[in-house]
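Work through the exercises below with the sequence and the coordinates at hand. Each task is followed by a solution that goes step by step.

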Amino acid sequence: MKNLWLLYTAASALVFASAPQQGSAAAERPNIIVIMSDDVGFSDVGSYGGEIETPNLDKLAGEGVRFTQFYNVARCCPSRASLLTGLYPHQAGIGHMLTQTGNPGYTDRLSTDSMTMAEVLKQSGYSTYMVGKWHVARAISPNGSKVSWPMQRGFQKYYGIITGASSYYDPATLCRGNKFITVENDPEYKPDNYYFTDAITDNAIKFVDEHQKEAPDKPFFMYMAYTAAHWPLHAPAEEIAKQKGKYDAGYESVRQARFEKMKKLGIVSQDLQWSPTVGDWSAVENKPWEARTMETYAAMITRMDTGIGRVVEKLKADDLLSNTLIMYMQDNGGCAETIGRENRDDYPNDLKPMGPDDLQKKIWPPMQTRDGRPVKTGTDVMAGAADTYNSYGENWANVSDTPFRQYKHYTHEGGIATPLIVHWPGGVPDKLDNSLVREPGHLIDVMATVVDAAGTSYPQTYNGNRIAPLAGVSLLPLLQADKFDRGAPIFWEHESNRAVRDGKWKIVTLGMGPWELYDMDKDRAEMNNLAEQHPDIVKTMASQWDEWAKKNDVLPLGTWEKDRDGGHAEDEDEDVTTTTVFQLKAGDTLEGSERPPLAGREIRVVAKVDEWGDQGVIISQGGSLFGYALYSIDGKPAFAFRNEGKLYSIQSETALETGVKARISAELKMDGTMSLRIAKTKGKDRLSNVPGGISQTPQEGLTVGNDPAGQVGEYADDFKFNGKIRGVVVRVSDQDKPFPPPFKK
């Protein structure tokens, strides 16, 4: 095996040595549209094997080029960071989700030593537009800093959402330019029936129209970041109806048909040993509901495809299509997350409609529709409408990822394999129409390709900062049937899942587990681990990963979780404190890196109340996925926490008298033991044992006196405390360690 790592730095620096410079006439420079879909699996699109109807993407593929071994970074935020900057996600500051860790590879925004495609192309004379999901900056208050928003990172016009997920009928963090808006008060876009996928398409067409009027002599760059088909499963009823019955036969039947079609199309080899099907359709109790989740998922993709077709027709009508480079790809594999699949029966019946200017603040339940209905989850509701919130789960994700193993989050093929469809009539020879490219590629290559196609150069400095050299290489030679030499292996790390791809060889881990080795020419589904047969190859490639990780802010391994919300990672032999203490008063809030880290930690909360209230939250941190809350229901103290959306709670059997002083203590231990103690009351502590603690620090912040960011407990709205809080002390233990005994109260 060729050891290409030594060529990496030189190759990155020389990527554009032969690229034409900025002086090319605008008429000869292509318009560029980069399209990314969300949580869509490798085999979902028709031209990659899927039964889902995607005629417009299929037509682009038939008139263009398809890559069969193209890769993303396994998760929404890191993939978008790589796509936008041409760097590995850690180099761009987003190795995980949007949290500060003290490590420059794991922060809450794009780094200042990176440039986005919009920034590079804008300097080169392009007009720059974006529609859709940003998700490379934290969603903040309307009056907060917008330093990392699209308009501040090179885009001249923007319509979309800052956060990573939202209702398709009433998106949270919806923006036009730099301003939060609602679907009702947007002065420029007022459809009869709002649906976010359609809104992305409509505003993309709107921007093309405006470009033709305002800057017709300039080329344009458009980044279209659809949220389809990320949960929640929302789609218009007429679109879902088209899918009726397609999934009634279950997982294995659909998966088998896809696999056969993929082999016929040449996407995978004829003799590939595919991975086992996950899920037994015969054991599914509510088959109509389960089939409906996949029907809705398919409808979301079909609606997106229709929108892409409308954009293509607009380009054709304006005589722009022949000189427009279109690239379509996906941010990760199928999503096995189970958001919204749990049943509930405690929905509030006193909700009120939201006003035109009331921002939707929730990205998952408990939440409400704009007209005042509770949003429902689980098997009690069929997916699709505005008052539902579901995901399609692991079994259908396995179908989406046919024929591969694993899903979003993981660096096995099921998590990182994506289609790449390239359509450029004026730049790709006709002889390559409907051809397949089998060379491995990666999102880091998109920036290099775009810069190369635009005939510009990549800067060394920007806004006074030295810019990191591109990690990727231009794919333009592959689009012109020319020689191609990648010059370096491809690397991954996400949530400690790691991988290296070098030629036909790939090593990969599940988390901190051992390296596995696969021959990708023969075993793309990663079914036959060759690590024991070829320890020398594993050792060489693992060494390559180590060197890459040292140079790209990946280490120490586990930083994404261990210290993601609190300072620099500590060396193992240092004498670190085992507790962190937060002393708070009524009205206090903690956001971002200031809030307590919760992942894998014991939690103790002590609240002193001068006047007890019969309703309301004393302290809350997190929301409906992860977090904890201490509160009063009908005068009874209660303590609750959520992990991966599941709610666990305990409550006092007796109510305290309104207006009295009280001292309430609550604890969540490593083994899942919950306790609730009321000072100076008789009887034992309220105790409960549940499966473990909180596995992830929530994105939502901490508040004292209410719960505005996303309800942890079973209460409505922000549930303000109607008593008088003197103070609250929160203690969290060190990662994966209990509090040291004894604990002095």
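**Exercise 1. Classify the lining of the largest cavity by residue class.**

Begin with the outcome to be reached: the lining of the largest cavity has four nonpolar, four polar and three charged residues, where Ala, Val, Leu, Ile, Met, Phe, Trp, Tyr, Cys and Pro count as nonpolar, Asp, Glu, Lys and Arg as charged, and the others, Gly among them, as polar. The residues to be sorted are Ile339, Gly340, Glu342, Arg344, Trp364, Pro365, Thr377, Ser624, Leu625, Arg642 and Gly645. A cavity is here a set of points, on a 1 Å grid over the protein atoms alone, where a 1.4 Å probe fits but cannot get out, and lining residues have an atom within 4 Å of a point. The volume of this largest cavity is about 110 Å³, a volume being the space filled by probe spheres set on the points, which are joined across faces, edges and corners. In total there are four cavities of 30 Å³ or more.

Before going on, note that the model is predicted, that local features need pLDDT of at least 70 and side-chain atom pairs pLDDT 80 or more, and that totals for chains, interfaces and linings use all residues. Residues are numbered from 1 along each chain as its sequence is written, and side-chain values use heavy atoms, with hydrogens and water left out.

**Exercise 2. Describe the overall build of the chain.**

First, count the elements: the chain has 13 helices and 31 strands, taken as DSSP runs (helices H or I, at least four residues; strands E, at least two) and numbered from the N terminus. Second, compare the radius of gyration, taken over C-alpha atoms, with the globule rule, 2.2 Å times the number of residues to the power 0.38; the value of 26 Å is close to the 27 Å given for 745 residues, so the chain is as compact as a globular protein of that length. Third, the C-alpha trace spans about 85 × 60 × 60 Å along its principal axes. Finally, 63% of the 745 residues count as buried, that is, under 20% relative accessible area with a 1.4 Å probe and protein chains only, whereas exposed means over 50% and partly exposed in between.

**Exercise 3. How many residues of helix H3 are buried?**

Ten of the ten residues of H3 (residues 76–85) are buried, so this helix is largely enclosed by the rest of the structure. Cys76, Arg80 and Leu84 are among them. Just after H3, Gly86 takes a positive phi of about 75°.

**Exercise 4. Compare the surroundings of His409 and His412.**

Start with location: His409 is found in the loop between H9 and H10, and His412 lies in the loop between helix H9 (393–400) and helix H10 (413–416). Next, take accessibility: His409 is buried, with a relative accessible area of 15%, and His412 is buried at 0%. Then look for polar contacts (N or O atoms within 3.5 Å, one able to donate a hydrogen and the other to accept it; residues adjacent in sequence count only if both atoms are side-chain atoms). The side chains of His409 and Arg75 are joined by one of 3.4 Å, while the side chain of His412 makes one of 2.9 Å with that of Glu516. Last, list contacts (heavy atoms within 4.5 Å), leaving aside neighbours within four places in sequence: those of His409 include Ala74, Glu337 and His494, and those of His412 include Arg405, Lys506 and Glu526.

Conventions: 1 Å grid on protein atoms, 1.4 Å probe; cavity = no way out; pocket = protein on both sides within 12 Å on 5 of 7 lines; lining within 4 Å.
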